[in-house]
Each structure stands twice: as structure tokens, then as C-alpha cells.
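Open the model in your viewer and get ready to click through it one stop at a time. At each stop you will hear what to select and what is there.

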Amino acid sequence: MCRSPLSTSSFPMTHNSPIFVSVSPDDPNFLLAKVLNPKAGLSNAIWRSTNGGTTCSAPVRVNDDALNNGRDQFTPAPSTSPDGTLHLSWYDRRDDPNNLLYHRYYSRSTDGGLTWSANQTVADAGGVPSS
């Protein structure tokens with residue numbers, strides 16, 4: 001399933017980086033969200049398939065903060081609406097200069113994952129990791 005874009009040699013992964021999948025209920029399109037090494041320039045990347053995962057597009061970066069800023073994005077949660085809108089939310093530390101506190105961010109795509117809306121925070125208060 002989508003072996004080329006997910007190759008660890010092409011896109012170095014952080015440890016314990018699972019792949020999150022969302023499948024459209026009406027067609028074989030689906031998206032993959034992968035948390036990658038921010039040093040590679042892709043923190044949250046989406047791969048798109050129109051043939052059930054046999055092949056996938058090149059990764060599309062969804063988070064719109066500055067590249068290589070050292071801020072973590074993690075735990076993406078993709079979903080697909082019945083109308084085909086793709087949704088992605090994730091935890092993001094871009095607002096904390098110490099890269100510790102995090103907010104939940106959100107973006108959506110109405111063109112099958114080719115482009116994504118500006119990122120927006122969806123929580124009033126930030127989170128603190130438990131020790």
C-alpha cells in the first residue's frame with residue numbers, strides 16, 4: 001500500500017510515528033497523515049490515493065507554520081465527510097517558544113487533498129504534557 005511515499009529512506013520518521021488513515025465512505029479515495037521528522041520539512045503530510053492505495057501522490061504539507069522552526073506537530077487525526085471534505089486536526093507546539101505547551105490545530109481540504117485551508121487553533125487553552 002503506497003510504498004514509495006512512505007519509504008523511511010525518503011522521509012525520515014520520528015520514533016513511534018503511526019500512520020493514520022481515513023477512507024471516504026463513497027469512493028476509494030483516502031488520505032494518509034504521517035508525522036515526519038520536522039527537520040525533513042514535513043511535520044504533517046498527507047498522501048492521497050485514488051485507487052485504493054495501490055499508488056499515492058507525493059506528500060502535501062498541511063501545517064502552515066515556518067519550515068524548520070523546531071516546533072513539534074503530532075497525533076494527526078484525519079477524517080472524511082460524506083460530501084468528500086477532508087479534515088485534519090493535530091497537536092501543535094508552534095505557539096510555545098519552549099516547544100512544550102501545545103494546542104489542537106485544524107485544516108480542511110475541499111479538493112480531495114490537493115490544497116488545504118489555513119491552519120486554525122480549535123482550543124481556547126493550550127495543553128501541558130503530563131510528566
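Start by selecting Pro78 and Leu88: in this predicted model, Leu88 of S6 is the bridge partner of Pro78. Now widen the selection to both strands, S5 (73–80) and S6 (86–92). S5 and S6 run antiparallel to each other and are joined over six bridges.

Next, follow the chain through the turn of this hairpin. Five residues separate S5 from S6, and Gly84 has a positive phi near 95° in this hairpin.

Stay with S6 and colour it by accessibility. Is S6 mostly enclosed or mostly open? Six of its seven residues are buried, so S6 is largely enclosed by the rest of the structure.

Now add S7 (103–109) to the view. S6 and S7 also pair in the antiparallel sense, here over seven bridges. Two pairs are worth clicking on. Ser89 has Tyr106 of S7 as its bridge partner, and Asp92 is matched with His103 of S7.

Time to zoom out to the whole sheet. Which strands form it, and in what order? Four strands make an open sheet with antiparallel pairing, ordered S5-S6-S7-S8. S5 and S8 (120–121) are the edge strands; each has a single partner strand, so one side of each lacks a neighbour in the sheet. While you look at the strands, keep a general point in mind: side chains in a regular strand alternate between the two faces of the sheet.

From the sheet, move to the loop between S6 and S7, where you will find Leu101. Is Leu101 buried or partly exposed? Its relative accessibility is 38%, so Leu101 counts as partly exposed. Add Leu100 and Val128 to the selection: together with Leu101 they make a nonpolar surface patch of about 260 Å².

For the last stop, select Arg71, in the loop between S4 (60–61) and S5. Which side chain of opposite charge is nearest to Arg71? That is Asp96, 6.7 Å away; Arg71 is buried but has no salt bridge. Show the backbone of Asp96 as well, because a salt bridge requires the charged side-chain atoms to be within 4 Å, and the backbone offers another contact to look at. The backbone oxygen of Asp96 lies 3.1 Å from a polar atom of the Arg71 side chain.

Technical notes. Residues numbered from 1 in each chain as written. Predicted model: local features only at pLDDT ≥ 70, side-chain atom pairs only at ≥ 80, totals over all residues. Heavy atoms only, no water. Helix = DSSP H or I, 4+ residues; strand = E, 2+ residues; numbered from the N terminus. Buried < 20%, exposed > 50% of the residue type's maximum accessible area, 1.4 Å probe, protein only. Lys, Arg positive; Asp, Glu negative; His and termini not counted. Polar contact = N/O pair within 3.5 Å; in protein donor to acceptor, adjacent residues only side chain to side chain. Patch = residues over 30% accessible without salt bridge, like charges linked within 9 Å, V, L, I, M, F, W, Y side chains within 5 Å. Areas by Shrake-Rupley, 256 points an atom, 1.4 Å probe, with all protein chains shown as cover. Pairing = 2+ DSSP bridges.
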